[in-house]
Amino acid sequence: MTLLRSIYENSPVVVQNAMISGYGLWLKRLRYGHDFERTLAQLTETERYTADALRAVQANRLAALVMHAGAHVPFYSALLERAGIRPHEVNIDNLARALPILTKEQICASSTALVSSAYARRALVPLKTSGTTGTALTVLATRRAIQQNFAFFARFLAWAGVKIGQPSATFAGRLVVPIEQSRPPFWRVNWTTRTTLFSSYHISRDNMPHYIRQLERTAPAFIDSYPSAIFTIASYLKEQGDAHKIRPRAIITSSETLSPHQRDVIEEVFRCPVFDQYGNVEMAAFIGQCEKGTYHISPEYGFVEVLDAQGRPARPGEAGELICTGLLNFAMPLIRYRIGDSVVVGTKSCGCGRNFPVVDSVIGRTDDMIVTPEGRYVGRLSPVFKLFPSVREAQVIQDRLDHVTVKIVCGEDYTDAVGAALIREFQLRTGASLQVSLDRVDAIPRTAAGKFRSVVSLLNRNGQLSV
């Protein structure tokens, strides 16, 4: 434990709030400034561009990124030289042929070679990923890129009818409340940004009334949360039939895959729309829902390829993995980066008027999908558990190609007959060749970052157990 962390955990709540607010002030200065304001103004204009005009913006930004990488980033200058390709010859149409896919393992092995020599190292900001895919990364970014990144988030919030600076509540992976604390408050306050930071680690049935009363007192304009955290609170309110006064204008979800069932319950309980968003520390891609509920890829943010298992562009309605080229961070360019997540390619346009690429859904991590013995990839298994209200929470763990264990947290009305029916429904979707074992548990642990993983695959890309 660091000295600062020790001081924080042993301080009174008011001092903890002051420390969080001081850190919040530093973050505010880092994230919001001239580049933020200028970028947000540009984005307000470009979101109404035609598809051809957006394509031109994207092509110009990609060309500038590749030229910079070829001149100042040793990893790419060596790669292009070996391939006999000049940076100016790479464009949006031939990128996939000109450069190979970049993996997380390559980033870890070549992190120094991926940093641009055009920037002083001390001027760059290190950003760390949570490592939920098994490989934690540190990405160096310019302050300009960080402010541009938050301008995209601000535009997304505008689609939800809210804005940065309004009172908000967050449920994320920050350990703002010491884990051994057993009494409220299970939240801390960032006075700088008017944000109440709720602990995702202390949510329990016994503590739920405290969370609800504090949400009523703070009256947030929006709640920014992991889907699992706000869904747990919504489920409790629905089960209890409590009349509550929590009326945000929008719920913002991210960092986990949001299931249709979770969305339905959250919207029903809080009587406001859920706006789901996909982003990443690497600043590789930004996907968010508009006011019509459609997922849009922001083309000014990154160039995104969606590829099937054979490496070909996925067709509308098909799932594919994201191969991303971020267009903001010139300090550590990630070109054709396999981020480890997948989406379903859009099958229709959106009536919101934005000419952005559309995806039907964000599936989430590619290694969080079940693989059947026949080689089929199966995602979105949450509808199975929706059929059984006595199963409060479930996690699917694949430990063999022909076997999964389903951890379940059960209510009092759970019976063995419910378990047998659950297995039947599960195998209707995966096939009988996949064996299913049930494991009743008191609770399902979150990751170190506080995230809930509904599906955990222990297999590698070849279907073998990872060791």
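Here is a short walk through a few strands, a helix and a surface patch in this structure. Keep in mind that you're looking at a predicted model.

Let's start with strand 18, which covers residues 403–410. This strand is mostly tucked under cover, with seven of its eight residues buried. It has partners to look at, so we can take them in turn.

One partner is strand 17, residues 391–400, which pairs with strand 18 in the antiparallel sense over eight bridges. If you want a spot to find by eye, look for Gln-398, which stands opposite Val-404 in strand 18. To get from strand 17 to strand 18, the chain goes through a hairpin of two residues.

Another partner is strand 19, residues 435–440, and here the pairing with strand 18 is parallel, over six bridges. Thr-405 makes a handy landmark, as it stands opposite Ser-437 in strand 19. Between these two strands the chain takes a route through helix 13, residues 416–430, before reaching strand 19. That β-α-β crossover is right-handed.

Now for the surface. Val-14, Val-15 and Trp-191 come together there as a nonpolar patch, and their accessible area adds up to about 280 Å². Val-15 belongs to helix 2, which runs over residues 13–31. Is Val-15 buried, exposed or partly exposed? Its relative accessibility is 33%, so Val-15 counts as partly exposed. The reason is that this class sits between the buried limit of under 20% and the exposed limit of over 50%.

Definitions and conventions
Residues are numbered from 1 along each chain as its sequence is written. This is a predicted model: local features need pLDDT of at least 70, side-chain atom pairs count only at pLDDT 80 or more; totals for chains, interfaces and linings use all residues. Side-chain values use heavy atoms; hydrogens and water are left out. Buried means under 20% relative accessible area, exposed over 50%, partly exposed in between (1.4 Å probe, protein chains only). Helices (H or I, at least four residues) and strands (E, at least two) are DSSP runs, numbered from the N terminus. Two strands pair if DSSP finds at least two bridges between them. A crossover is right-handed if, with the strands pointing away from the viewer, the path from the first strand over the helix to the second runs clockwise. Patches are made of residues with over 30% relative accessible area and no salt bridge: like charges are joined within 9 Å, nonpolar side chains (Val, Leu, Ile, Met, Phe, Trp, Tyr) within 5 Å. Accessible areas come from the Shrake-Rupley method with a 1.4 Å probe; for residues, only the protein chains shown count as cover. A salt bridge is a side-chain nitrogen of Lys or Arg within 4 Å of a carboxyl oxygen of Asp or Glu.
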